[in-house]
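Please look at the sequence and the structure below before reading on. The explanation starts from the ligand and works outwards.

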Amino acid sequence: MSTIGFIGLGNMGGPMARNLLKAGHKVTVFDLSADAVAGLKEAGASVAASAGDAASGVEIVVTMLPAGRHVAAVYGGDEGVIARAGSGTLLIDSSTIDVATARSVAALAADKGLAMVDAPVSGGVGGAEAGTLTFMVGGEKDAFVRAQPILENMGKNVFHAGGAGNGQAAKICNNMLLGISMIGTAEAFNLADKLGLDAQTFFDISSTASGQCWSMTSYCPAEGPVPTSPANNDYKPGFAAGMMLKDLRLAQEAAAQSKAPTPLGNEAASLYGLMEAAGKDGLDFSGIIKMLRGDL
Ligand code: NAD
């Protein structure tokens, strides 16, 4: 059993904190939303009056916040997590944020002698609820080893990706590839349809030929071939196009900073940006096929 401060109790953080309670940890929570806090209090958590209070006197701090600026604000400053955490406290940020902020916050923590890992997740709200998330962890090996059993209470796969920021790097590189492959898959199914080749027949051929990929076989953007895919549920997410766009934009920021050419990643961000402009970013990201069909 560990004492844990948990900050950020939204769609993901709420169920993750519940899983830590279920695993028998003593959890103290903080969120700006009173409703989010009330739900966790009912589940057995103690409530802190601020992020700094949640971080003081605990062995481990976990944060699950929207973006880099929230993470920098919560960890930094005189009353922030880094200032208020006791020596020996392990800091785990599971938010999906830009690599540069992840590295600068980890450096601030290191200046104070605190171990920190970035540990973004894939698996979505369903994975957070079921405790089956995948964690991609960046940070020193010792910190990873300490974080691992806690992360295993919230997830099924926990990978060490290297030094500070490498968890975020793994997450955005994976999701950039996923965004690109989904657009390619959607283009192929749309062209097949225009050429009079039905989705199931094209799926049967391509899923056993060289066009095969996860976007096709597990998450097919055309209605029919994969019964569990959002295409068969009015493109309800799943993984919303807006969240894909967030990750594609983070990848573009990182690509610019590291001077890595990512022309297809750039194009993918532009195309999901059009879904956002059309007010359709709440659809699943496989709904990009509707845009190609002219249905948005
Ligand atoms: P969310 O908006 O539902 O929750 C964020 C929570 O943080 C909110 O409850 C908000 O009140 C709280 N918050 C914001 N600023 C705060 C502050 N200064 N102090 C305390 N609390 C603060 O977001 P979410 O869907 O839970 O996502 C959290 C992170 O997980 C994001 O970085 C997101 O990209 C990532 N993520 C989300 C999903 C998903 O499917 N939702 C999947 C993978 C990763």
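The paragraphs that follow describe the ligand site and then one loop.

This is a predicted model, in which local features need pLDDT of at least 70 and side-chain atom pairs count only at pLDDT 80 or more, while totals for chains, interfaces and linings use all residues. Residues are numbered from 1 along each chain as its sequence is written, and side-chain values use heavy atoms, with hydrogens and water left out.

The ligand is surrounded by 23 residues, a residue being counted if one of its heavy atoms lies within 4 Å of the ligand, and the closest are Asn 11, Met 12, Asp 31, Leu 65 and Lys 246. By class, this shell holds 12 nonpolar, 8 polar and 3 charged residues, where Ala, Val, Leu, Ile, Met, Phe, Trp, Tyr, Cys and Pro count as nonpolar, Asp, Glu, Lys and Arg as charged, and the others, Gly among them, as polar.

Oxygen atoms of the ligand make polar contacts with the backbone, a polar contact being a pair of N or O atoms within 3.5 Å: the distance is 2.8 Å for a backbone N or O atom of Met 12, 2.9 Å for a polar backbone atom of Asn 11, and 3.1 Å for a backbone N or O atom of Pro 66. The protein covers 82% of the 840 Å² of accessible area that the ligand has on its own, as computed by the Shrake-Rupley method with a 1.4 Å probe.

Two or more residues of the shell come from each of α4 (68-75), α7 (124-130) and α12 (241-258), helices being DSSP runs (H or I) of at least four residues, numbered from the N terminus. Domain 1 (3-163) and domain 2 (169-293) each give at least three residues to the shell, with bounds taken from an automatic or database domain assignment.

The loop between α11 (214-217) and α12 contains Gly 238 and Asp 234. The peptide bond from Pro 237 to Gly 238 is cis, with omega near 15 degrees, and Asp 234, a residue other than glycine, has a positive phi near 55 degrees. Most residues other than glycine have a negative phi, and most peptide bonds are trans.

Key: A polar contact is a pair of N or O atoms within 3.5 Å; within protein, one must be able to donate a hydrogen and the other to accept it, and residues adjacent in sequence count only if both atoms are side-chain atoms.
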